[in-house]
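This briefing is meant to be read beside the sequence and the coordinates. It covers the domains, the nonpolar core, one strand pair and the surroundings of the ligand.

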Amino acid sequence: MAGKEQITFCKYQGLGNDFILVDNRHTSEPIITPEQAVKLCDRNFGIGGDGVIFALPPVGETDMTMRIFNSDGSEPEMCGNGIRCLARFVADVDGQTELKYKIHTLAGLIQPELLADGQVCVDMGEPILEGPKVPTTLAPTQGSTVVQQKLIVDGRSYDMTCVSMGNPHAITYSVDGQPIKVDDLDIFTIGPKFEHNAVFPARTNTEFVEVLSRSHVRMVVWERGAGRTLACGTGACATVVAGVLEGKTDRSCQVDLPGGPLHIEWRESDNHIYMTGPAELAFQGTVRV
Ligand SMILES: N[C@@H](CCC[C@H](N)C(=O)O)C(=O)O
């Protein structure tokens, strides 16, 4: 092990979307490289995780900065479950409870609040709806927004709505003109075909959604850079935005993911999206990188 640096980490999960958390507030660059993150996220040869998240020094009036590497080493702009885990992690390290943080991310200012019941409610800011900014090259259908645009994947026609939560999401509620049934999907086969489709120049996260009622949906996700995960917070937010744009859901909606439920509200008064869900410590330790 000579020459290797020892790093202290905590592993947190939000609905089974799991992250290696590193307290990096002493220095402005992540102390783990993307290549090391890939190794640490490996579920057989490493700690295991969907990504590595760093608490970094603040920018401007914020409390801290968040950066994240996906399990493939790529760097996304935002992570919804991850920012709940980060808030819980920093509060645990600092011995705090019931706090609201201002966190600088590559997607702008995001504000998680630790609630008395243990849940974390996050002000996720405003969705970005202009197709080129998501980004997607799919032709817009409503102004500059891509809503229920046809995309053929593996010979099947999906109606796609595209939303950015800072990171890109492609959401589908129907295939071949029929409502999605999430239990019928072979996510491991079709997921990568959306992620790497040429109409998504920055790759994409893809959400497949089944409507249970106007205030309750089921969703499975294929994440850019992480594959099939048990939950995706930004994906749940984008799912409800797409549901509202398509006239399928209300602005306040429960999203059931394989790892459990998230509550999402796209508030009319400020156009912000509020996501509420859990974030829990799994274990902690040290590792040599
Ligand atoms: N699981 C996350 C999203 C993580 C980033 C994503 N894989 C991307 O590359 O955009 C969430 O909970 O939002």
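What follows describes a predicted model, topic by topic.

The domain assignment divides the chain into domain 1 (6-125 + 278-288) and domain 2 (131-271), and the C-alpha centres of domain 1 and domain 2 lie 24 Å apart. The ligand shell takes at least three residues from each of domain 1 and domain 2.

**Contact between the domains**

- Domain 1 contributes 22 residues to the contact with domain 2, and domain 2 contributes 18 residues.
- On the side of domain 1 that touches domain 2, helix α2 (residues 80-94) supplies the largest share, which amounts to three residues.
- The residues on this side of domain 1 comprise seven nonpolar, 11 polar and four charged.

**The largest nonpolar core**

- The largest nonpolar core has 78 residues, of which Leu21, Val52, Ile53, Leu86, Ala236, Cys237 and Ile264 touch the most other members.
- Helix α4 (residues 233-245) gives the most to this core, with seven residues.
- Because domain 1 (6-125 + 278-288) and domain 2 (131-271) both give residues to this core, the core lies between them.
- Leaving aside residues up to four places away in sequence, Val52 touches Phe19, Ile20, Val22, Ile32, Ala37, Leu40, Cys41, Ile68 and Phe69.

**Strand β3 and its partner β2**

- In a regular strand the side chains alternate between the two faces of the sheet.
- In strand β3 (residues 51-56), six of the six residues are buried, and both faces of β3 are covered, with Gly51, Ile53 and Ala55 on one side and Val52, Phe54 and Leu56 on the other.
- Strand β2 (residues 17-23) pairs with β3 in the parallel sense over five bridges, and within this pairing Leu21 stands opposite Ile53 in β3.
- Both Leu21 and Ile53 are also among the residues that touch the most other members of the largest nonpolar core.

**Around the ligand**

- The ligand has 18 residues around it, and Pro76, Asn81, Asn167, Gly233 and Thr234 come nearest.
- The elements that give two or more residues to this shell are α2 and α4.
- Sorted by class, the shell around the ligand holds four nonpolar, 12 polar and two charged residues.
- Helix α4 thus appears in two settings in this briefing, since α4 gives two or more residues to the ligand shell and also gives the most to the largest nonpolar core.

Definitions and conventions: Residues numbered from 1 in each chain as written. Predicted model: local features only at pLDDT ≥ 70, side-chain atom pairs only at ≥ 80, totals over all residues. Core = buried A, V, L, I, M, F, W, Y, C linked by C-beta atoms within 7 Å. Buried ≥ 20, exposed ≤ 12 C-beta atoms within 10 Å, placed from the backbone. Helix = DSSP H or I, 4+ residues; strand = E, 2+ residues; numbered from the N terminus. Domains from an automatic or database assignment. Contact = placed C-beta atoms within 7 Å. Nonpolar A, V, L, I, M, F, W, Y, C, P; charged D, E, K, R; others polar. Near = placed C-beta within 6 Å. Pairing = 2+ DSSP bridges.
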